[in-house]
Amino acid sequence: LLLFTISFSGETRYNKDKILQGQGVDEPLSATGFRQADAAGLFLSNVKFTHVFSSDLLRAKQTAAAILGKNRFCKDLEIKYDARLRERKYGVAEGRPLADLKAMAKDAGEQCPSFTPSGGETLDEVRERAKEFFEFLCQLAVELEQKEHGKPGAPGRSSGISGEQFVFPWTNHCSEAEPSSEGGRSSMVLDANILVVSHGAYMKNWIGYFVSDLDCTLPANLTKSQLSSVSPNTGISHFIIKLENGKLLKPQITCVCLNQDSHL
């Protein structure tokens with residue numbers, strides 16, 4: 001069992017001016033972006049993460065560092081940077097206004113976001129990157145569980161930490177999706193509690209993969225427009241991933257909340 005929390009990077013001046021960044025434009029956070037990242041960090045300050053992964057683009061790296069900097073338990077946890085978490089590549093449209101991308105799509109007789117500018121990534125290519133990284137995370141959790149069970153006299157799993165010690169700020173609002181407790185005692189033991197910091201268009205495709213390919217269970221009050229929208233800067237999504245008997249091909253995924261932004 002693993003908990004999986006996604007935060008999107010904070011605002012840059014290019015976000016504010018509606019200019020495409022993709023992978024080729026590596027802008028730092030703006031003053032607003034740093035404030036957003038700090039707010040996300042305070043929101044998640046009581047969550048004890050076991051692993052943190054971030055896109056290797058500057059805006060995501062700065063967001064991840066700010067979130068950990070506010071954490072009570074894991075300020076010194078190593079952030080692992082992974083190119084598979086980069087934003088979608090927009091090719092010749094990078095560094096240009098979003099309106100230019102829309103004009104290119106119109107000239108090609110297509111619509112955003114399915115249109116792929118020259119040198120850019122298709123949506124299928126972005127989804128494949130997301131799929132590969134997610135399978136890597138699941139494999140990580142399985143290996144941690146197997147490693148712990150392989151220890152002589154091991155009392156529990158890798159984290160050895162019950163769900164009671166993973167207090168999330170939105171639990172009271174999403175209790176239906178949280179694993180149940182029996183006899184007043186949490187029945188949840190986590191193999192990993194992972195924070196991932198990435199980008200809007202990339203994560204929209206990743207969540208689409210969860211829903212269309214892996215039958216992710218969504219919150220009952222989630223609307224179609226909310227599901228299809230891009231997250232606000234530092235919006236937070238939270239998922240519970242259950243791998244029955246280490247079966248990597250059939251993870252059970254429950255979305256606790258999507259693009260949560262009450263901290264902003």
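This passage describes the largest pocket and the salt bridges of a predicted model.

The largest pocket encloses about 980 Å³ of space. Its lining is made up of 35 residues, and those closest to the centre of the pocket are E87, Y90, G200, A201 and V230. Several helices take part in this lining, since at least two residues each are supplied by helix 1 (13-16), helix 4 (98-107), helix 5 (123-149), helix 6 (200-214) and helix 7 (224-228). The largest share comes from helix 6, which provides six residues of the lining. When the residues of the lining are divided by chemical character, 15 are nonpolar, twelve are polar and eight are charged.

Attention now turns to charged side chains. Side chains of opposite charge can pair when their charged atoms come close. Across the whole structure, a search finds seven salt bridges, and three of the pairs identified are described here in turn.

One of the salt bridges is formed by R13 and E27, whose closest N and O atoms are 2.8 Å apart. Because R13 belongs to helix 1 while E27 sits in the loop between helix 1 and helix 2 (31-43), this pair ties together parts of the chain that are 14 residues apart in sequence. The two partners can also be described by their accessibility: R13, with a relative accessibility of 47%, counts as partly exposed, whereas E27, with a relative accessibility of 13%, falls under the 20% limit and therefore counts as buried.

A further salt bridge links R84 with E132, and here the closest N and O atoms lie 3.5 Å apart. R84 is located in the loop between strand 3 (79-81) and helix 4, and E132 is located in helix 5, so that the pair ties together parts that are 48 residues apart in sequence. With a relative accessibility of 42%, E132 counts as partly exposed.

The side chains of R129 and E121 likewise meet in a salt bridge, with an N to O distance of 2.8 Å. R129 is buried, its relative accessible area being 13%, and E121, at 12% relative accessibility, also counts as buried. Besides these pairs, there is a network in which D82, R84 and E132 are joined by salt bridges that share partners.

Methods:
Residues numbered from 1 in each chain as written. Predicted model: local features only at pLDDT ≥ 70, side-chain atom pairs only at ≥ 80, totals over all residues. Heavy atoms only, no water. 1 Å grid on protein atoms, 1.4 Å probe; cavity = no way out; pocket = protein on both sides within 12 Å on 5 of 7 lines; lining within 4 Å. Points joined across faces, edges and corners; volume = space filled by probe spheres on them. Helix = DSSP H or I, 4+ residues; strand = E, 2+ residues; numbered from the N terminus. Nonpolar A, V, L, I, M, F, W, Y, C, P; charged D, E, K, R; others polar. Salt bridge = Lys/Arg side-chain N within 4 Å of Asp/Glu carboxyl O. Buried < 20%, exposed > 50% of the residue type's maximum accessible area, 1.4 Å probe, protein only.
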